[in-house]
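Colleague: I have some questions about the labels used for this model. Can we go through them one by one?

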Amino acid sequence: MASVATVFGFLLIMVVNTVVAAVAIRFFRLRLSTTWGTVVYTALLVPLLYVVTTILLSGFIGFGGSGVRDRGTALILVWVVPFTLAVSLDVFWMPSPEEVDLPEETR
């Protein structure tokens, strides 16, 4: 049986990974002009961000606990679920990139 601290740690990692993925995917959709560019950058860079946040939160800080028996379930909880939630948030609930006004020049 999982302890309360382990469950809390997994939930914290899931929330952080969801926020990181949602912000990254939104940034790619707004800044890149092609659909395939967004897909490629999302598929390649978001998992790299997940590696960093997962190592930081579960390795150095110690959230998530060390008593995980099934690593496949842990991987699904901290990577797959946040990624699919972030993609669905951006695709279904955020306005389309064509509807967002961006400044003509950057400072």
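Modeller: Start with the contacts of Asn17. In this predicted model, leaving aside neighbours within four places in sequence, Asn17 is in contact with Tyr50, Thr53, Thr54, Val78, Trp79 and Pro82. Asn17 itself is found in helix α1.

Colleague: What makes these residues contacts of Asn17?

Modeller: The cut-off is heavy atoms within 4.5 Å. Tyr50, Thr53, Thr54, Val78, Trp79 and Pro82 are in contact with Asn17 on that basis.

Colleague: Why is Asn17 called buried?

Modeller: Buried means under 20% relative accessible area. Asn17 has 0%. Therefore Asn17 counts as buried.

Colleague: How do you know that Thr53 is buried?

Modeller: The relative accessible area of Thr53 is 13%. The cut-off is under 20%, so Thr53 is buried. Thr53 is found in helix α2, residues 35-60. Not counting residues up to four places away in sequence, Thr53 touches Val16, Asn17 and Val20.

Colleague: And Tyr50: what makes this residue count as buried?

Modeller: Its relative accessibility is 2%. Set that against the limit of under 20%, and Tyr50 therefore counts as buried. Tyr50 also has its place in helix α2.

Colleague: Which residues are in contact with Tyr50, leaving aside neighbours within four places in sequence?

Modeller: Asn17, Ala21, Trp79, Pro82 and Phe83. Take Phe83: Tyr50 and Phe83 are 33 residues apart along the chain, and their C-alpha atoms are separated by 9.3 Å.

Colleague: Now the helices. Why are α1 and α3 called oblique to each other?

Modeller: Two packed helices are described by the angle between their axes and the distance between the axes. Here the axes of α1 (residues 4-31) and α3 (residues 71-93) come within 8 Å and cross at roughly 40°. Under 35 degrees would count as roughly parallel, and roughly perpendicular runs from 65 to 115. Roughly 40° fits neither range, nor the one over 145 for roughly antiparallel, so the pair is oblique.

Colleague: What is the handedness of that crossing, and which residue classes make up the contact?

Modeller: α1 passes α3 in a right-handed crossing. By class, the contact has 18 nonpolar, two polar and three charged residues.

Colleague: What pattern does the chain follow along the sequence?

Modeller: The pattern is α-α-α. The chain has three helices and zero strands.

Colleague: What share of the contacts with a separation of 6 or more comes from residues 24 or more positions apart?

Modeller: They account for 81% of those contacts.

Definitions and conventions. Residues are numbered from 1 along each chain as its sequence is written. This is a predicted model: local features need pLDDT of at least 70, side-chain atom pairs count only at pLDDT 80 or more; totals for chains, interfaces and linings use all residues. Side-chain values use heavy atoms; hydrogens and water are left out. Helices (H or I, at least four residues) and strands (E, at least two) are DSSP runs, numbered from the N terminus. Axes are lines fitted to C-alpha atoms, for helices over the stretch in contact, and angles run from 0 to 180 degrees between N-to-C directions. A crossing is left-handed if the near helix is turned anticlockwise from the far one by less than a right angle, and right-handed if clockwise. Ala, Val, Leu, Ile, Met, Phe, Trp, Tyr, Cys and Pro count as nonpolar, Asp, Glu, Lys and Arg as charged, and the others, Gly among them, as polar. Buried means under 20% relative accessible area, exposed over 50%, partly exposed in between (1.4 Å probe, protein chains only).
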